[in-house]
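I opened a fresh page today and wanted to get to know a new chain before doing anything else with it. Here is the view I had on my screen.

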Amino acid sequence: MIGLLAAVPGDPRALRQLQRLGFADPAAALANLHALAPTPFDGELLAPVLPRLLGELQGAPDPDMALNNLERLAAHSERAAFFRLLDAHPGAIHLLARLGGTSQVLADTLRRYSHLFPWLLEPWTMRQWLRDDLEEELRQSTAAFSRAEARWNALRRFKYRQLLRIGCRDILGDADLTVTTEELSRLADVCLETARRWAEGALEPLYGVPAAPDGARTGLAVIGMGKLGGDELNYSSDIDLIFVYGEDGETTGGTAGRVSNDRYFTEATRSIVAAIESVTDEGHAFRVDLRLRPEGRSGALILSLGGYRTYFAERAELWERQALIKARACAGDAAVAARFFELTRPFVFRPGLDPGIVAEIRRMKREIDRSQRAKGIERRNVKLGVGGIREIEFLVQALQLLYAGDDPWLRERNSLRAIFRLTERGYVSPALGRFLGDALVYLRTVEHRLQILYEFQTHTLPEDPAALGRLARRMGVALPPDAARRRFLAEYRRVTRGVHAAFREFFDTRPARTKAEPPRVPTFTALKATGFADPDRARQNLRLVLEGRPLLPYPARAQAALWRMFPVLLDALWQSPDPDEALNQLERFVAAAGPRTAYLELLANRPGLLANLVKLCARGELLTQMLLAQPELLNGLADPATFAAPKGKAAFRLTLAAALAPRLSLTERKDRLRRLKQAEELGITWRMLLRVTDAERFSAEMTALAEAALSTAWLMALEQVTSLYGVPRGADGRFIPAVIVGLGKFGGRELSTGSDLDLFVIYEGPGQTDGSESVEAHVFYDRAVEALSGVLGDITAAGLVFPVDLRLRPGSKGSGFASSLPAMEQYYREWADPWERQTLTRARLCSGDARLGRRVRRLIRALLYGALAAPADLKEMRLLRERMEKELGKETPGLFHVKFGRGGLVDVEFITQAIQLTSGARHPTIRRPTTLQAIGAMGAIGLLSREDAGGLAEQYRFLRRVSGAVRLFGARPPDALELAGPIPGRIARSLDYPSRKDFLEDYRRRTAWVRALYDRVVLP
């Protein structure tokens, strides 16, 4: 290798060696090597790193370009320091080879600002920067300048510095497409916000503050559209913007007098655009495109909220609705932006199906295709060509315009996330959703690799075979250029053909083949008479059930099954406690089943199963979502053994043990644990809905399932941590065990749908692990609890197992995740607040070492009822309850909170715990973590009268049934009962009340009774 530096120009051996290393122009490469080390001293410094350098250049997408850029960078650096840095830093050569062989514009940027090279090698630099980080960096970069041109130049230097960092992370594979486009979008956001502050800072002294008619200040908001709005910005994207201000009026006056708000904000807009778009000695920050504003090029630069309201009501077109799907507040007044989105939402997302949407979007795409054909690039344009990015975007946006009026979950600006949401909701089949998501990532990556080369706004694949081969290598195809080109073209054609097939299928105008007449959808009057609150929506849903959604045509067998089961479905819906919600959710399930005909045939062949499924769907989104994620769970529900008898912890543990099967990766184990748990939870809920079990048995089964899941997850967590550190042992070599203590509803065996697991972990005492990397016992168990929380609580495609809540652990936020037994005792004796001791009334050992468990149980008894107990402080308890009611309950005349509200579940629990803390030392039988058991014991020994004990137990059961129903119906936040919404009526029907009014009156009576008893027991 050293011979290359000494070889004369044209040396055949040197040229052959460079050709074998992948250089397309060996003579130029040899000249670059000589220029890289122009003196013998430079050659001596370069020699030690030359073999590694040539190896990295060989792997670069374009070795010739990479070497040329390296030589140019060296010429702008102090060579000795530069070569020493290449030798000393393990990532320096790799970064330069990849950067220089991928992006000429970034290589030129690094050469221009060569002092940034060491900055790029810092780990702190090469991380994801959040908006706050970027804002602070830009503030520091511009703070020293007061003149506009100097500020603009500083802003552009900041932009290119950050573009270099973002591009390097992308090229090195440290950031995926989503992170890269989000960082580029945040970069534009902070530049816009800074430009806005400069603009208004210059105008206010001249004209004063813009004011609304009522005298209040009004502001300006910058709305990002297109790729900027969707957090999908490219390296060379224009930033599409519209501007809006709050109210018309006049400014308060300054040195230049008073002007209208319209003039003030128009000048501000011009100033913002100039600061971003103008070309200075340092280039431009971003190109700005304002054509999406009302009336386009001929329209005003900025309108007030009132102006936009008028425009949308009178003149706006469909393409503007489509464009506003991606609208996002990027800078300026957040309140004005919020009001802007309030007025655009009903314009963009309209309820009901509008058949004109598909035809209009089809027409727009035909115009694009005609333009591309005229240029001869309809197959090579990644963005606008056949099967390109725009076809995916149009397809996604058509579905959003069609359905997001009725389904707010689809109102997503980012195209990739929108695909995921459409798939999750069943508007797109899972296979097609995965393909479209992968295709969008692939095509956007191609677009990025085209634009990152020279920062040109290009979307067209090169015609030159050599250039196409280099593009393929920039895409990560690690083959020689010709082979890379062939591989790339094959994949590109596969992706674009698949995209175009999906696009064509959705927008196809050919008449459908004639079929047998489908069942008739009942009339509005018939649906109204049979209990539907919204007959129009019901008719729409029934048509979707029979005909399917766009992109999801039914196979013949599936359609036959649906038509066969339709009369049974109507009968089941009419008998449902909530026909509207049952039909909403059932339609989602049918759409999600897609081509999996077996599930639909099962329902058609089993009328009883269909009727039961309708009952489940009537309970709302939460349960249906389990079936949407795993339609195969329907097979279990079709088996009578599923709801024949309740299960206990041992049975659940046996089922969940399959997640610990050998040869599974941790990811596979976690996914299997989630799926098994979801199936068991659905069975538990199914049994309750069919009245095989009651609410108390439901909670007992849910708790048993949680304990089994906890034991399984704890084994997974310990396995992870033990593989890293070994086993924790004390000074005598004995294993240091641990126990898991459950609290709250988990400790009281009262879990419900969506409950967290309140718990903490206690280990025996100090020690060290015996692995190759030894850590202290507290570190081992901290890591184990952290791993446990991830195994149970991380959200995946299969959902989660149970969220883990560690906030009630000894020491809470100020401590580690696990405590030793001595530390636990010290904390509760010396520092714990009264409420923390109160939480121990519901403490229960759930898993772990039996011997240590007995010691922990004795300590808890001593802390509550024995020598270590503090006097019961009912005054403090009452103050705590008042804070909870005010800050967490937040009840109003139109909202009840079943848990934290007046007379709610917490009142019952506080009554019980107050008696336990004041009388538990004398009466051991009341020391029960389960509230109903404790109430029963209190009534038996006279601490509560039999009437009060019976009434309290009755109200507690009622409130738990209401809480369970609220959670099943998916109310947000959980346990909140909004009187104006549909939830009270649904609960009334599910609890067999004659009417919504009867339920609410009974709720008020029962909670008033609980509060009256609370006031008698928990004395101030």
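These are my notes, from the whole chain down to single residues.

**Entry 1: the whole chain**

I remind myself that this is a predicted model. I started with secondary structure and found 46 helices and 14 strands. Next I looked up the extent: along the principal axes, the C-alpha atoms fill a box of roughly 105 × 80 × 70 Å.

Then I asked how the radius of gyration fits the chain length. A compact globule of 1020 residues would have a radius of gyration near 31 Å, and the chain has 34 Å, so the two agree.

**Entry 2: burial, contacts and surface**

I checked how many of the residues are tucked away: 56% of the 1020 count as buried. For contacts with a separation of 6 or more, I noted that 72% join residues 24 or more positions apart. The exposed surface of the chain comes to about 43,000 Å², and carbon and sulfur atoms supply 53% of that area.

I also looked up the charges. There are 143 positive and 124 negative ones, and their mean positions lie 4 Å apart.

**Entry 3: cysteines**

How many disulfides does the structure hold? I found zero. I reminded myself that such a bond is a covalent one between the sulfur atoms of two cysteines.

I wanted to know why Cys 330 is not in a bond, and the distance explains it. Its closest cysteine sulfur is in Cys 191, and because the gap is 12 Å, it is too far for a bond. The cut-off for a disulfide is 2.5 Å between sulfurs. Cys 330 is buried, since its relative accessibility is 2%. I looked at Cys 846 too, and with a relative accessible area of 6% this cysteine is also buried.

**Entry 4: positive phi angles**

Most residues other than glycine have a negative phi, so I jotted down two exceptions.

- Lys 890 is not a glycine, yet has a positive phi of about 50°. I located Lys 890 in the loop between α41 (874–889) and β13 (895–897). Is Lys 890 buried or exposed? Its relative accessible area is 57%, so I count Lys 890 as exposed.
- Asp 992 is not a glycine either, and its phi is positive at about 65°. This residue sits in the loop between α45 (983–990) and α46 (996–1017). Asp 992 counts as exposed because its relative accessibility is 54%, and the cut-off is over 50%.

**Entry 5: Met 626 and its contacts**

I picked Met 626 next and found it in helix α31, which covers residues 621–629. Met 626 has a relative accessible area of 7%, so it is buried.

Which residues does Met 626 touch, leaving out those up to four places away in sequence? I listed Leu 633, Gln 678, Glu 681 and Leu 682. I followed up on Glu 681: it is 55 residues from Met 626 in sequence, while their C-alpha atoms are 9.2 Å apart in space.

**Entry 6: Pro 973**

My last stop was Pro 973, in the loop between α44 (946–968) and β14 (976–978). Its relative accessibility is 48%, so Pro 973 counts as partly exposed. For a look across the chain, I took the C-alpha distance from Pro 973 to Asp 64: 60 Å, with their positions 909 residues apart along the chain.

Methods:
Residues are numbered from 1 along each chain as its sequence is written. This is a predicted model: local features need pLDDT of at least 70, side-chain atom pairs count only at pLDDT 80 or more; totals for chains, interfaces and linings use all residues. Side-chain values use heavy atoms; hydrogens and water are left out. Helices (H or I, at least four residues) and strands (E, at least two) are DSSP runs, numbered from the N terminus. The radius of gyration is taken over C-alpha atoms; the globule rule is 2.2 Å times the number of residues to the power 0.38. Buried means under 20% relative accessible area, exposed over 50%, partly exposed in between (1.4 Å probe, protein chains only). Contact means heavy atoms within 4.5 Å. Accessible areas come from the Shrake-Rupley method with a 1.4 Å probe; for residues, only the protein chains shown count as cover. Lys and Arg count as positive and Asp and Glu as negative; His and the chain ends are not counted. The place of a charge is taken as NZ of Lys, CZ of Arg, CG of Asp or CD of Glu.
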